[in-house]
Amino acid sequence: MKSVLLIGIGSGHPEQITVQAIKALNRASVFFLLDKGEAKDELVRLRKEICQRYIEQPGYRLVQVSDPLREDNEVTYQAGVERWHAQRAELFARLIDEELAENECGAFLVWGEPGLYDSTLRILDRVVALGGPAFEVEVIPGISSVQALAARHRIPLNRIGEPIRITTGRRLEAADLDNVVVMLDAHCAFGQFADQELEIYWGAYLGTEDELLVSGKLHEVQGRIRELREAARLSKGWIMDTYLLRRPLNPDQ
């Protein structure tokens, strides 16, 4: 049977690859690379660099295809994501059918951790539902941007006896503000809470040469974060950032 590996490759630094991931890289003979356009060529380049650095035997193939664009003109956000996932499922089904021979192993190199705010697993489930070629899926965990954020700021994500929540900028609400990690925030949703006593630990391009870090009281540093974020996005054409919001500790705690 064909097999497909989802290999978590960390948040940007090639040395974040785990030993398990290196072994998985050397099991695969075909690697599927999704091209997101010229502005994000760097994401493909980093995946190629990882293959060159860690794969010991020559002869593996890189299959690079254009990733379907997600339209922003749908009636709802959910409708846009649904349409995009359907297009990706058709693409993945074709890749597995046409590019993988029977008993051959292919791989997707997934930024960060495949199980955290990444759609690849869901899309492969849709491929199975389409009734295409039979294949097995194995997931190799990776270091997420959430872990990298905590490490680079030298902070524990959780505080003693307190929960932590992970959400997106679209879903950030006032009730979430005690220890909340925010991902996929294109509009700086933290700004709506700048009048509250909050601390922020922000990072972009974590683990890469272009890494940006800012921390402090939200009302004091939010402007700096916005400026850095916009300048970086214009310069590189894309941005990946994550942040932690939390209320200051009560002195009595």
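Here is a quick walk through the strands and one helix of this predicted model.

Let's start with the open sheet. It has five strands, laid out in the order β3-β2-β4-β1-β5, and the pairing is parallel. Out at the edges you'll find β3 (61-66) and β5 (135-140); each has a single partner strand, so one side of each is left without a neighbour in the sheet. Going from one strand to the next, the twist averages 25 degrees.

Further in, β1 (residues 2-8) pairs with β4 (residues 105-110). If you want a spot to click on, try S3, which stands opposite C105 in β4. There's also a helix packed on this sheet: α4 (residues 120-129) touches β1, β4 and β5. Its direction makes about 170 degrees with that of β5.

Now hop along the chain to β8 (residues 199-204). Is this strand mostly covered or mostly open? Mostly covered: five of its six residues are buried. β8 pairs with β9 (residues 212-217) in the antiparallel sense, and β8 and β10 (residues 241-246) run antiparallel as well. For landmarks, Y201 has S215 as its bridge partner in β9, while A204 has D241 in β10.

The strand pairs with their bridges look like this:

| Strand pair | Sense | Bridges |
|---|---|---|
| β1 (residues 2-8) and β4 (residues 105-110) | parallel | six bridges |
| β8 and β9 (residues 212-217) | antiparallel | six bridges |
| β8 and β10 (residues 241-246) | antiparallel | six bridges |

Definitions and conventions. Residues are numbered from 1 along each chain as its sequence is written. This is a predicted model: local features need pLDDT of at least 70, side-chain atom pairs count only at pLDDT 80 or more; totals for chains, interfaces and linings use all residues. Side-chain values use heavy atoms; hydrogens and water are left out. Two strands pair if DSSP finds at least two bridges between them. Helices (H or I, at least four residues) and strands (E, at least two) are DSSP runs, numbered from the N terminus. Axes are lines fitted to C-alpha atoms, for helices over the stretch in contact, and angles run from 0 to 180 degrees between N-to-C directions. Contact means heavy atoms within 4.5 Å. Buried means under 20% relative accessible area, exposed over 50%, partly exposed in between (1.4 Å probe, protein chains only).
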